[in-house]
Amino acid sequence: MDDKILHTLEYRKILNKLMQYTQTPMGRLLAEGLKPSGDLEGVKRLLQATDEAANVDRLKGIPSFGGVTDIKQALKRASIGGMLGTGELLSVGNTIGGARRIKRFLAAVHEDGQIPLLFAQSDLLSEQKHVEDAIRACIDENADVLDTASPELASIRRELRGGESRIREKLDSMIRSSSVAKMLQDQLVTIRGDRFVIPVKAEYRAHFGGIVHDQSGSGATLFIEPESIVAMNNKLRETRLREEREIEIILHRLTALVGGIAEEMAYDVDILGELDFIFAKARLARDMKAIQPRMNDRGYLKLRKGRHPLIPAEQVVPLDVELGNQYSSIIVTGPNTGGKTVTLKTIGLLSLMSMSGLFIPAEEGSQMCVFDAIYADIGDEQSIEQSLSTFSSHMTNIISILRRMTPKSLILLDEVGAGTDPAEGSALAIAILENIHRTECRMVATTHYSELKAYAYERKGVINASMEFDVQSLSPTYRLLIGVPGRSNAFAIAERLGLPNAILEHARGEVNEEDLRVEHMIASLEENRLGAENERERAEAVRREAEEFRKRQQQELEKLESQRDKRLEKAEKDASAILDKARREAEEIIRDLRRLAMEEGASVKEHKLIEARRRLDEAEPAPRKKTVTPRSASKAPRKIQPGDEVKVQNVNQKGYVVELSGPKEAVVQFGIMKMKVNLEELEFMSSAPDSPPPALRRATTVKRTRDENIRSELDLRGANLEEAIMETDRFIDEAFLGNLGQISIIHGKGTGVLRTGIQEYLRKHKHVKSYRLGNYNEGGAGVTVAELQ
């Protein structure tokens, strides 16, 4: 791609924004050298990698490349036998560690959601943990060699610390001496050139033996090494030289390790730079609110709400444009400052971005094309270059474009044919546009010449377009209108500004009649377009409103069905619980009968017991399906009478009415079980038979109505544990038969013995579903609240 085109379309500014999101020098270099590609499959892979990175960013965030640096120079020196410094070795260790972290991070993300390209790339990173461990065992985070790097170095440094300590002790004793203290400028020990010295006043030089290593700026202080520690300092110097030699040995050993993996690490550095570059593209996409475009190589371009990425989001006007389907060329006409140049740059820049593997700021459904080249002749009035532009320079540029363009090129021309005589310029513009159109490439051109409106109207594959202008506010709206040629609006603007009507009428009389008819036709088209657009917007609003209403109704329906299913499920569970209780009680009765038969010799037939249990099992309701048929409203209500066959709605079971126990209740028999039921819950099935069903000898009556006299609280304060448990057992039975769902047992705080015993008893009780300590307004730790089955 021609660098001049990249500069014209401000592609470099996009790269500058991209470089801000890189974390490594390698990623920054890749971002700086990014160029558009003409290979469709290659561009698709680049966009897929960016999409995977965007998904990682959305789910887990961008991985950190901290510590990863460009270590290629150090690797090269290590491979040819040079010695690396501690800082270089630390950078190698940090880069190895960073590569390992990123590899594991992307492998973990790949398990949760597929990122095949990024995973495949990160999986190529080598594992060099043994080298990293060796470096970290010898060099700390400040790039200093550790004492533990080798036993010899540890011994040397112990000797160094011992020597320094002895010298300091010797000097400290000297400066504390009264005879020496008066000769010192300050009572302290310092170092000059790796030698321990003390600051002596210059006038006492003759009285103070030793070696002068330095003096103050004023000359009043001499830094002298006393004779008594010269030998000790010399020994210390020799020890330091031994330390340096041992450190060199350690660094050579580590460098040899790095040299052995130099080739693999150089490859790893390239991969890390590529990954950093891909994640930088994802962060740029997030910053621009960009999307992944669909790519093709058949010359088709469709932008939906495309935005110029360099214009602030609150100022940019989205662009809708389609090119390469029904028409291959767009001629945009209209006055200056309407946004024609921005439209050209938006189309060109977004094409370059998509061909570079970058997301574009547009809406989903946008499609971009891979062109073999993009050529542009755009004059920007706000740049210095515009003042230097002439008709000759524009023609030179266009001639170059005509020589190099192919059917797979995109041509962008701004004000084609401008800068010369209008008649000649318009003729030249038509000839140039016709030549470009015949090559079947894609073209967007802007012009002032009205003759080009007729050319676009008559030529197949070419369509007119214009930039919308609000005559009322005398300002452009910057919206591109496809299919509508531009109007000059000169007369309308002049009239709005107050130009006398006489002058306006005279001016209109000077305009060619054919031109007037064209202007009237354009005005009519514009009026019809605005009307159609308003109708479309109203229809779209109605459609959205209907769609939202449908969604709300669907949600309400789903909510109601869910609530209905939950209530039915709860009713079935309640009925099953009732029947389970009845079955347990019946089993107890049967056991009692058998025991009595054995003890007293009573005659109880075994087959009768089995028959009773069978009838009890048949009374259990079958599970109800989620979708239930509502109660039929066609049946006329009938007064329930004793002996009627009825259906109890909340348990979905049939039975017979034994008696009416009140104005609103009836006793209904299911097999061997009787239950009091509210009349509103009964559905009439059939009238009483001529002879009532035989009554069973023994039936269990379960009363599930609420007795107002049943207590919901039991106060046990002052009772011992045995008495409290007996009272609690009686209280729970009363509450259960009274259909209480929750009870409170007051045991007080005290030593906690009573509370612990009661709660242990509740935990094992068959009627207790759960229990807890009371809330603050219920009595706190002095009360236990139990939920009954």
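## Close-up views of a predicted model

**View 1. Glu-10 sits in the loop between α1 (3–8) and α2 (11–19).** The model shown here and in the views below is predicted. Phi of Glu-10 is near 60°, a positive value in a residue other than glycine. Most residues other than glycine have a negative phi.

**View 2. A second positive phi is found at Asp-194, in the loop between β1 and β2.** The phi of Asp-194 is about 65°, although Asp-194 is not a glycine. Asp-194 is partly exposed, with a relative accessible area of 40%.

**View 3. Four strands form an open sheet in the order β1-β2-β4-β3.** The pairing in this sheet is antiparallel. The edges are taken by β1 (190–192) and β3 (211–215); each has a single partner strand, so one side of each is left without a neighbour in the sheet. From one strand to the next, the twist averages 50°. Strand β1 runs antiparallel to β2 (residues 195–201), and three bridges join them. Within this part of the sheet, Thr-190 stands opposite Val-197 in β2. Helix α11 (residues 230–260) packs on the sheet and touches β2, β3 and β4 (221–225). The direction of α11 makes about 145° with that of β2.

**View 4. Asp-268 in helix α12 (residues 262–288) is buried.** Asp-268 has no salt bridge. Which side chain of opposite charge is nearest to Asp-268, and how many Å away? The side chain is that of Lys-103, 8.0 Å away. Leaving aside residues up to four places away in sequence, Asp-268 touches Leu-124, Leu-125 and Ser-126.

**View 5. Another open sheet of four strands has the order β21-β22-β24-β23.** Here the pairing is mixed. The edge strands β21 (713–715) and β23 (768–773) each pair on one side only. On average, and with direction ignored, neighbouring strands of this sheet are turned by 20° against each other. Five bridges link β22 (residues 742–746) and β24 (residues 783–788), which pair in the antiparallel sense. Ile-743 stands opposite Ala-786 in β24.

**View 6. Helices α22 (residues 721–737) and α23 (residues 753–764) are shown with the sheet of View 5.** Helix α22 lies across β21, β22, β23 and β24 and runs at about 160° to β22. Helix α23 packs on the sheet, where α23 touches β22, β23 and β24. The direction of α23 makes about 155° with that of β23.

Methods
Residues are numbered from 1 along each chain as its sequence is written. This is a predicted model: local features need pLDDT of at least 70, side-chain atom pairs count only at pLDDT 80 or more; totals for chains, interfaces and linings use all residues. Side-chain values use heavy atoms; hydrogens and water are left out. Helices (H or I, at least four residues) and strands (E, at least two) are DSSP runs, numbered from the N terminus. Buried means under 20% relative accessible area, exposed over 50%, partly exposed in between (1.4 Å probe, protein chains only). Lys and Arg count as positive and Asp and Glu as negative; His and the chain ends are not counted. A salt bridge is a side-chain nitrogen of Lys or Arg within 4 Å of a carboxyl oxygen of Asp or Glu. Contact means heavy atoms within 4.5 Å. Two strands pair if DSSP finds at least two bridges between them. Axes are lines fitted to C-alpha atoms, for helices over the stretch in contact, and angles run from 0 to 180 degrees between N-to-C directions.
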